[in-house]
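Q: I'm new to this one. Can you walk me through it?

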Amino acid sequence: MSWHLFAVFFASTFLISATPGPNMLLAFQYGMNYGVKRTLWTLAGLSLGLFILLLSTLLGLDVISRQSPWLLTVIKAVGAVYLIYLGISSWRDAGGSLMKDAREMSEEVAIDYLVYEEGTADTLKPRLLSSAAVTFSPSNMTLFRTGVWVSLSNPKAILFFAAFFPKFINFSAPLWPQYILLTIGLFFSETIWQIVYTLGGKKLASWLDVGSRLAWLNRGCGVIFIVIAAALLAEVVNSFMI
């Protein structure tokens, strides 16, 4: 992988990571509720969950590239269509409010997420793993487990990785050095934004909620998805012309 391609990958993931998805809303809400020091346990859980999803995707791509190269072409084509869908969805549904999303998540928690067992008030009984807040003071391990659950509760992340990564991987070159580089880049961008949302979630929410800033952030991600999809489709067409 060239450094130029890695720079494009990192710039893309850095912007995509900035969008307030479940992981970022979790960091945002816990940072306000429990403070930065305790939320670090949740960030560690989010990172572990993300690593599990990422490793599953890379191992799958590695096996496919070695045993069924033709299937990799199919994955690129399907992935391109999926990225186009994400791009259009991001553009059309670009509105919203970060504070409103956090409030809605809190209401969802009250209904679907926590069940107290007698004598075990610190036990989480997740009914809906995408929820991201609690209404009591949990232990550090509970915060960690919640981070893992929230990160793993979106299986579409595997589909996204499978669609997104092939554009940045040279399958004719050694794969694991590229996997390590991509993993470091993704984790670095995710960690930066998780810390930003934890430390300054309220200020960031206020800034994004002014005018159409959040909408344009989502639209920017939509454009990135469509551009990468176009590049993937170009690779698929070229593979049939060779």
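The chat below goes from the whole chain to a pocket and two residues.

Q: What should I know before we start?
A: This is a predicted model: local features need pLDDT of at least 70, side-chain atom pairs count only at pLDDT 80 or more, and totals for chains, interfaces and linings use all residues. Residues are numbered from 1 along each chain as its sequence is written, and side-chain values use heavy atoms, without hydrogens and water.

Q: How many helices and strands does the protein have?
A: Nine helices and zero strands. Both are DSSP runs numbered from the N terminus: helices are H or I with at least four residues, strands E with at least two.

Q: What share of the residues is buried?
A: 45% of the 242 residues. Buried means under 20% relative accessible area, taken with a 1.4 Å probe and protein chains only.

Q: And contacts along the chain?
A: Take contacts between residues at least 6 apart in sequence: 77% of them join residues at least 24 apart. Contact means heavy atoms within 4.5 Å.

Q: New topic, pockets. What volume does the second largest pocket have?
A: About 330 Å³. A pocket here is an open set of points on a 1 Å grid over the protein atoms alone, where a 1.4 Å probe fits, with protein on both sides within 12 Å along at least five of seven lines. Its volume is the space filled by probe spheres set on the points, which are joined across faces, edges and corners.

Q: Which residues are closest to its centre?
A: Leu72, Lys76, Ile169, Phe171 and Glu235, out of 19 that line the pocket. A lining residue has an atom within 4 Å of a point.

Q: Which elements give two or more residues to that lining?
A: Helix H4 (69-92) and helix H9 (213-241). H4 has the largest share, four residues.

Q: Now Ser65. Where is it found?
A: In helix H3, residues 36-67.

Q: Why does Ser65 count as buried?
A: Because its relative accessible area is 16%.

Q: What does its side chain reach?
A: The backbone oxygen of Asp62, at 2.8 Å. Leaving aside neighbours within four places in sequence, Ser65 is in contact with Leu72, Phe171 and Leu175. Leu72 and Phe171 are also among the residues closest to the pocket centre.

Q: Last one, Ile224. Buried or exposed?
A: Buried, at 16% relative accessibility. Ile224 lies in helix H9.

Q: What does Ile224 touch?
A: Ser12, Leu15 and Ile16, not counting residues up to four places away in sequence. The C-alpha atoms of Ile224 and Gly87 are separated by 7.4 Å, though the two residues are 137 apart along the chain.

Note on methods: Buried < 20%, exposed > 50% of the residue type's maximum accessible area, 1.4 Å probe, protein only. Polar contact = N/O pair within 3.5 Å; in protein donor to acceptor, adjacent residues only side chain to side chain.
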